[in-house]
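Subject: Structure handover

Hello,

Here is the structure I promised to pass on. Please open it first, then read my notes beside it.

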Amino acid sequence: MSDQSDTAVGIRWDLGDLFASYDDPAIEATLCTCRARAEAFATTYRGTIHTSAGPAPERLLAALRELEDLQASMERLGTYASLLYASDTTRSAYRDLRERIELALTQIGNIILFFELEWLALPDEVADRLIEHHSLGGYRHFLRQERRMRPHTLSEPEEQLLNERDNTGPRAFGRLFTELISSLAFSLERDGATQNLTLSEILALSHEADRDLRRRAHETLFADLSRHELVLTFVYDTLVQDHLTIDRLRSFPYPMAARHVANEIDAEAVDRMLAVAEANYSIAQRYFQVKARLLDLPKLELYDQYAPVGQELPRCTYERARDLVLAAFDAFSPVAGSTARQFFDHRWIDAEVRPGKQDGAFCASPSPNLHPYVLYNHTGNLRDVMTLAHELGHGIHGCLAGRQTMLNYDTPLTTAETASVFGEFLVFDHLLQVETDPGVQLALLCGKIEDACATVFRQTVLTRFEQAAFARRQGGRFTPETVCRIWLEANRSYYGDAVDLSDGYRWGWSYIPHFIHSRFYCYSYVFGELLVLSLYRRYKEEGRGFVPKYLRLLEAGGSDSPEALLRPLDVDFRDPAFWQKGFDEIRALVERAEELAGTQASQGSARPGR
Ligand SMILES: [Zn+2]
């Protein structure tokens, strides 16, 4: 284990703004209030929305406002329960609370479900008249977006039944996955002792300079995962089939269709984007060849992919990560800096690595009147700075969108990654300024290219894997071999001849939470990264003039469609050339790395000792 400052020991969030503890009586009281308000809402509005002439606009407005208040209270409960659980997934009191809240919220949701269904049942001409009414202007986008679900919505008893069964159906399989993965201890010999590592910790070893350590970590990771092949395959198989069943019941024409509706994007834009991404796989392969030269290897193995190059980067304490991120945000805009600073000052971050804590990183933004929370695992790698920048980008977005009302607060996934990826770019450029040594710069540049590849290309691979898996599942139940084969096929077209894939890597699909909890999420990362590459270039061209436009985009939250919100920033993601511009930016980074690598090689100092 590394020393204490490396792993952010003691940096835990304070959830006191939500509730005092898992047995706080206010939890039960809030639940009771929510239930009573939901029942009162049903008494007042049931049967008055779906009427032949439709409701009066004022009545619909009053209902929407009451609904927002109720949803905000429900979010407080749901967020608290899930954050507490994420902080220690092994603690039974937390698990119990989460399950109890989940069930109760589902029941409350069922009481108010009629409202959405009555709104969807209105004929188009009645609904359109209400959507255009001036008094409902603040909810125009929400009302219109809801209507897009009209062809995919079932009757009230059917919807209620599905909601209740989900807790012991797909959500239960998701919990099984999370609890299994969190419980794994990967045992690895290091410095003469056997260490038991969490998934985060063993994944972080792929960034170590010691090639043998990287190789052993890689082999241990996949060997251990393969021991759980029965459960991991069964869980994935069940969730894919569940998704296909729901698609059939809801008349979604293909597996990604539901995600496209939720993302407020049309399929053509996504298909075009993914095709352009695949056509640019050669940029990544070109980079892998540069990297092999830098590492003095004939060819990369998969576990060399994230090996450090250039100068060995220093370890990064939590405090340094914080200072770097804040300095970069401050330089961009005092608003961004001061908003991010609150997360540290008020303990809205859980950064400590500890057993049982949920792996990875996320930012939870419950509602406009509650601040977001960030969970991440600070392993002491300089790479953690980018993760922190990413999650705080989300955090700033959540804070700035706080001026919206509840129904206009959340952004669809397509633009949900804008502020996070933008935050990463700010911190990356700041690091290049602070670190003037060409060796360190080369290392940072390679890190940035690898991040861009992981976001743009790897997420395209993940999406292609999901598409292929879903197509294959129509033919019957998965075996582990089937899923492993589909995974390797999707990866081979990306890595090409530039990287050798190990045999164990066929299990690479098995620990990825998105496949379990949010299927077809991954293309949103591609979308977000390419969008930000273009926005960031605009920032560099326009300078300060860009900042207010960008902040306004964040403040707008989810109050309109991504297309409409991005129009003031001159973004048109229906234009094929728009996507290619993002890839041209990545190619420029690779070319810069090639130049730096040439200089380094001629100085004979390209490689750190290994
Ligand atoms: Zn994110």
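Let us start with the metal site. The 4 donor atoms around the zinc ion subtend angles of 52 to 136 degrees, so the arrangement is irregular. Four donors would count as tetrahedral only if all angles lay between 85 and 135 degrees. Keep in mind that this is a predicted model.

Which atoms hold the zinc ion? They are NE2 of H390, NE2 of H394, and two OE atoms of E417. The distances run from 2.1 to 2.7 Å. Along the sequence, the donor residues follow the spacing H-x3-H-x22-E. H394 sits in helix α16, residues 384-400. E417 sits in the loop between α17 (413-416) and α18 (418-434). The two are 23 residues apart in sequence, so the pair ties together separate parts of the chain. Are H394 and E417 buried or exposed? Both are buried.

Stay with helix α18 for a moment. H430 is located there. Its relative accessible area is 18%, so H430 is buried. The cut-off for buried is under 20%. Beyond its neighbours within four places in sequence, H430 touches L324, A327 and A328.

Next, the cysteines. How many disulfides does a search of the whole structure find? The count is 0. Take C316. Its sulfur is 18 Å from the closest cysteine sulfur, which belongs to C446, and that is too far for a bond. A disulfide needs the two sulfur atoms within 2.5 Å. C453 is in no disulfide either; its nearest cysteine sulfur, again that of C446, is 10 Å away. C316 is buried, at 0% relative accessible area. C453 also counts as buried, because its relative accessibility is 4%.

Now the strands. β1 covers residues 186-190 and β2 covers residues 193-197. They run antiparallel and are joined by 5 bridges. R190 has A193 in β2 as its bridge partner. The two strands form a hairpin with 2 residues between them. In that turn, D191 has a positive phi of about 50 degrees.

There is also an open sheet of 3 strands. What is the strand order? It is β4-β6-β5, with mixed pairing. β4 and β5 (362-364) stand at the edges, each with a single partner strand, so one side of each has no neighbour in the sheet. β5 and β6 pair in the antiparallel sense, over 3 bridges. One pair to find on screen is C363 with its bridge partner V374 in β6. As background, side chains in a regular strand alternate between the two faces of the sheet.

Two helices deserve a look. Helix α15 has 12 residues, 334-345. From first C-alpha to last it reaches 16 Å, close to the 16 Å expected at 1.5 Å a residue. Its buried residues are A336, G337, T339, A340, F343 and F344. These buried residues pack against α14 (318-332), β4 (349-350), β6 (373-375) and α16. So where does α15 meet the sheet described above? Its buried residues pack against β4 and β6.

Helix α10 has 21 residues, 229-249. It reaches 30 Å from first C-alpha to last, close to the 30 Å expected. Its buried residues include L232, V235, Y236, L239 and H243. D237 and D247 are buried in α10 as well. What do the buried residues of α10 pack against? The partners are α7 (170-183), α9 (211-226), α19, α20 (480-495) and α21 (513-517). Just after α10, S251 takes a positive phi of about 60 degrees.

One of those partners, helix α19 (residues 438-473), holds R472. R472 is partly exposed, because its relative accessible area is 31%. Leaving aside neighbours within four places in sequence, R472 contacts R477, F478, T482 and I486. R472 and W579 are 107 residues apart along the chain, and their C-alpha atoms are separated by 29 Å.

Last, the segment before α1 (25-45). T7 is found there. T7 counts as buried, because its relative accessibility is 5%. T7 and L225 are 218 residues apart in sequence and 25 Å apart in space, C-alpha to C-alpha.

Best wishes

Notes
Residues are numbered from 1 along each chain as its sequence is written. This is a predicted model: local features need pLDDT of at least 70, side-chain atom pairs count only at pLDDT 80 or more; totals for chains, interfaces and linings use all residues. Side-chain values use heavy atoms; hydrogens and water are left out. Donors are N, O and S atoms within 2.8 Å of the metal (3.2 Å for Na, K and Ca); water is not among the atoms, so sites may look incomplete. Four donors count as tetrahedral if all angles lie between 85 and 135 degrees; four count as square planar and six as octahedral if opposite donors are over 155 degrees apart and all others between 65 and 115; anything else is irregular. Helices (H or I, at least four residues) and strands (E, at least two) are DSSP runs, numbered from the N terminus. Buried means under 20% relative accessible area, exposed over 50%, partly exposed in between (1.4 Å probe, protein chains only). Contact means heavy atoms within 4.5 Å. Two strands pair if DSSP finds at least two bridges between them. The expected span of a helix is 1.5 Å times one less than its number of residues.
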